Amino acid sequence: MKARSSREVKRFEDIPNIGPRIARDFELIGITTPQDLKGRNAHKLYQKLCTVTGVRHDPCVLDTFMAAVDFMDGAPARPWWKYTKTRKEKYPTL
């Protein structure tokens, strides 16, 4: 069951939209606890993931990172695809 607020989150997979693959991505870039997402810049996290892995990841990964960071910052849970429009406006070259 997914958390309803960031206060309920104990592990990455408690965060809405986050499964084992994205949880591993966070750990790969040095985000070791869900609380480490608070106040972070999702775009910088995405760029770091691309650099560390040597692969340009699908922009939907950035949408998911945005959703996770917002949720951990106290925003209500929203599906990751609700961030696509914002991502396209802020980062049109992705």
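**Ser 6.** I looked up what Ser 6 touches beyond its neighbours within four places in sequence, and I found contacts with Phe 71, Met 72 and Gly 74. Contact here means heavy atoms within 4.5 Å. Ser 6 sits in the segment before α1. Helices are DSSP runs (H or I, at least four residues), numbered from the N terminus. Ser 6 counts as buried because its relative accessibility is 13%. The cut-off for buried is under 20% relative accessible area, with a 1.4 Å probe and protein chains only.

**Ground rules.** I am reading a predicted model, where local features need pLDDT of at least 70, side-chain atom pairs count only at pLDDT 80 or more, and totals for chains, interfaces and linings use all residues. Residues are numbered from 1 along each chain as its sequence is written, and side-chain values use heavy atoms, with hydrogens and water left out.

**Pro 16.** I went next to Pro 16, also in the segment before α1. Pro 16 is buried, at 12% relative accessible area. I checked the C-alpha atoms of Pro 16 and Ala 77: they are 6.3 Å apart, with the two positions 61 residues apart along the chain counted as their separation. Setting aside residues up to four places away in sequence, Pro 16 touches Lys 2, Ala 3, Phe 71 and Ala 77.

**Cavity.** Pro 16 and Ala 77 turn up again in the lining of the largest cavity, with Asn 17, Ala 67, Phe 71, Pro 76, Arg 78 and Tyr 83. A cavity is a set of points on a 1 Å grid over the protein atoms alone where a 1.4 Å probe fits but cannot get out; lining residues have an atom within 4 Å of a point. I get 1 cavity of 30 Å³ or more. The largest holds about 40 Å³, a volume being the space filled by probe spheres set on the points, which are joined across faces, edges and corners.

**Helix α1.** Which residues of α1 are buried? I find Ile 22, Ala 23, Asp 25 and Phe 26. They line one face of the helix, because they fall within an arc of 155° seen down the axis. The arc is taken from the directions from the helix axis to the C-beta atoms. These buried residues pack against α2 and α3.

**Core.** The largest nonpolar core has 27 residues, and Phe 26 is among those touching the most other members. Such a core joins buried Ala, Val, Leu, Ile, Met, Phe, Trp, Tyr and Cys through side-chain atoms within 4.5 Å. α3 gives the largest share, 9 residues.

Conventions: Buried means under 20% relative accessible area, exposed over 50%, partly exposed in between (1.4 Å probe, protein chains only). Helices (H or I, at least four residues) and strands (E, at least two) are DSSP runs, numbered from the N terminus. On a 1 Å grid over the protein atoms alone, a cavity is a set of points where a 1.4 Å probe fits but cannot get out, and a pocket is an open set with protein on both sides within 12 Å along at least five of seven lines; lining residues have an atom within 4 Å of a point.
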